[in-house]
Amino acid sequence: PVLDTEDAWVSVEGPVSIVELALEQKRIHYPLVEHQFVLCTVLYAIMRLSLKGVKPLSLFDSKGRNAFFKDLTSIQLLPSGDMDPNVLSIRQQFLLRVVSAAVQTLCSSQKDKEVSEEDYFPFEKGKNWPTVAADLAQYLQVSEDLVRRHYVCELYSYGMDHLGEE
């Protein structure tokens, strides 16, 4: 971009402006940042929903695991559209566990204290874990409908028919 400056500012001495510093930075590779975001979301779900026995890096193939340890400005080979069926199965199981844990947490908290999800997770207002799992399904190449169907089945199994109907 062209930055027009007034003549009075040209002769000013001092540290380099923040605009000039920003323009000198290398551009990031956005798909790599998106890949890192998926890992962060997976790790946060594991922590927040207390999922035991989950190996987060098993959700990614070898290209995906290698990309985590590269500079964000480098252009890396990310996983292609063709995935190993074993990895897809692990991803699907993980997303279904996230949905099950979220519904179980919500139902147990409502039965114990008659509180809403926002009260149980006070720092996560508006955070709907089944919706997060469905969004992750797009990135992890798992059927979004499968995750949503599992959510409805979980709601019915915990006796929350009114939510399942919605």
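Leu3, Ile18, Val19 and Leu23 make up a nonpolar surface patch, together offering about 390 Å² of accessible area. This is a predicted model, where local features need pLDDT of at least 70 and side-chain atom pairs count only at pLDDT 80 or more, while totals for chains, interfaces and linings use all residues. Residues are numbered from 1 along each chain as its sequence is written, and side-chain values use heavy atoms, leaving out hydrogens and water.

**The nonpolar patch**
- Patch members have over 30% relative accessible area and no salt bridge, with nonpolar side chains (Val, Leu, Ile, Met, Phe, Trp, Tyr) joined within 5 Å and like charges within 9 Å.
- Accessible areas come from the Shrake-Rupley method with a 1.4 Å probe, and for residues only the protein chains shown count as cover.
- Ile18 sits in helix H2 (residues 18-24); helices are DSSP runs of H or I with at least four residues, numbered from the N terminus.
- Ile18 is exposed at 71% relative accessible area (exposed is over 50%, buried under 20%, partly exposed in between).

**The salt bridge**
- The structure holds 1 salt bridge, meaning a side-chain nitrogen of Lys or Arg within 4 Å of a carboxyl oxygen of Asp or Glu.
- Glu144 and Arg148 are its partners, at 3.0 Å from N to O.
- Both residues belong to helix H8 (residues 144-157), 4 residues apart, about one turn of the helix.
- Glu144 is partly exposed at 23%, and Arg148 is partly exposed at 40%.

**Helix packing**
- Helix H7 (residues 129-139) packs with H8 at about 160 degrees, their axes 8 Å apart; axes are lines fitted to C-alpha atoms over the stretch in contact, and angles run from 0 to 180 degrees between N-to-C directions.
- H7 and H8 are therefore roughly antiparallel (angles over 145 degrees).

How values were computed: Helix = DSSP H or I, 4+ residues; strand = E, 2+ residues; numbered from the N terminus. Buried < 20%, exposed > 50% of the residue type's maximum accessible area, 1.4 Å probe, protein only. Parallel < 35°, antiparallel > 145°, perpendicular 65-115°, else oblique.
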